[in-house]
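Dear colleague,

I am passing on the structure below for you to look through. Please open it first, and then read the notes that follow.

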Amino acid sequence: GLLTHIKESKPSRLPSMFGEAATVTLTPAMPGGTIRYTLNGRQPNSDSTAYTGPITLTDTARITARFFDAGGKARGAAWGRALKKVDYQETLTTGKPVTASKGVGTGHGPEQAVDGLIDIDRFWGCGGPAPQWWQVDLGKAFKLGEVHVFPYWDGRRYYQYTVEVSTDAKKWTEVVDGRKNTAPATPQGHRHQFKPTLGRFIRVTMLKNSANPGLHLVEVRAFEAPDTHGAGKK
């Protein structure tokens with residue numbers, strides 16, 4: 001057998017999934033011999049790649065490893081793990097408190113839009129009718145300059161929406177006007193940049209889904225405006 005440890009360069013908090021890269025470290029449970037492995041799920045044999053140090057994965061793979069003694073004979077059971085690369089990124093919204101006008105506690109609650117993960121099976125959703133809103137509390141005010149909105153996608157449908165920011169959840173400033181959007185939603189989402197605006201709360205108001213009355217957000221990411229203070233000064 002093998003003692004195994006998987007360390008991700010940027011942990012996704014999700015077992016067997018990783019963001020930019022995953023590092024797999026294998027340790028033999030007995031001295032001598034060689035660990036051999038494959039990355040396509042096939043059983044390793046005496047001709048498979050020899051393990052000489054941590055394996056860095058940058059794409060989805062099914063790693064399978066086995067210990068071979070000095071004579072080239074397989075010992076113990078093979079170890080395997082499927083590792084899936086996902087679009088995961090921690091931003092100002094990740095894991096922050098959220099609420100919504102509908103869809104709370106439905107299995108597709110508002111918290112799924114701040115899990116850092118772009119996964120079409122993990123989204124905030126409600127049956128409508130429009131308009132409905134989704135809101136996140138960043139915990140403190142930031143000078144915001146960009147939001148990245150990921151509505152649900154199927155290759156055809158489009159969503160129309162607005163994005164507002166606020167320091168107190170009472171007075172709102174609109175930073176994104178997507179009322180006339182007709183571009184189909186995609187896994188890449190819609191990136192919106194705007195002039196630096198102070199905000200602690202971000203609210204997305206969903207106005208239309210071209211496919212049906214339901215309203216859905218896979219993820220909302222937020223970023224601070226670039227710090228240009230003192231730029232050009234010596």
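**What was found**

Pro-129 lies in the loop between β10 and β11, where strands are DSSP runs of E with at least two residues, numbered from the N terminus. The model is a predicted one, in which local features need pLDDT of at least 70 and side-chain atom pairs count only at pLDDT 80 or more, while totals for chains, interfaces and linings use all residues. Residues are numbered from 1 along each chain as its sequence is written, and side-chain values use heavy atoms, with hydrogens and water left out.

The peptide bond from Gly-128 to Pro-129 is cis, with omega near 0°. Pro-131 is also in the loop between β10 and β11, and the bond that joins Ala-130 to Pro-131 is cis, again with omega near 0°.

The structure holds one aromatic pair (ring centres of Phe, Tyr or Trp, the last by its six-membered ring, within 6.5 Å; planes under 30 degrees apart are stacked, over 60 edge-to-face, the rest tilted). Phe-123 and Tyr-152 form this pair, which is edge-to-face, at 5.3 Å centre to centre with 70° between the planes. The pair links distant parts of the chain, 29 residues apart, with Phe-123 in the loop between β9 (98–100) and β10 (124–126) and Tyr-152 in the loop between β11 (132–151) and β12 (159–166). Phe-123 is buried, at 13% relative accessible area, whereas Tyr-152 is partly exposed, at 22% (buried is under 20%, exposed over 50%, partly exposed in between, with a 1.4 Å probe and protein chains only).

Best wishes

Terms used: Helices (H or I, at least four residues) and strands (E, at least two) are DSSP runs, numbered from the N terminus.
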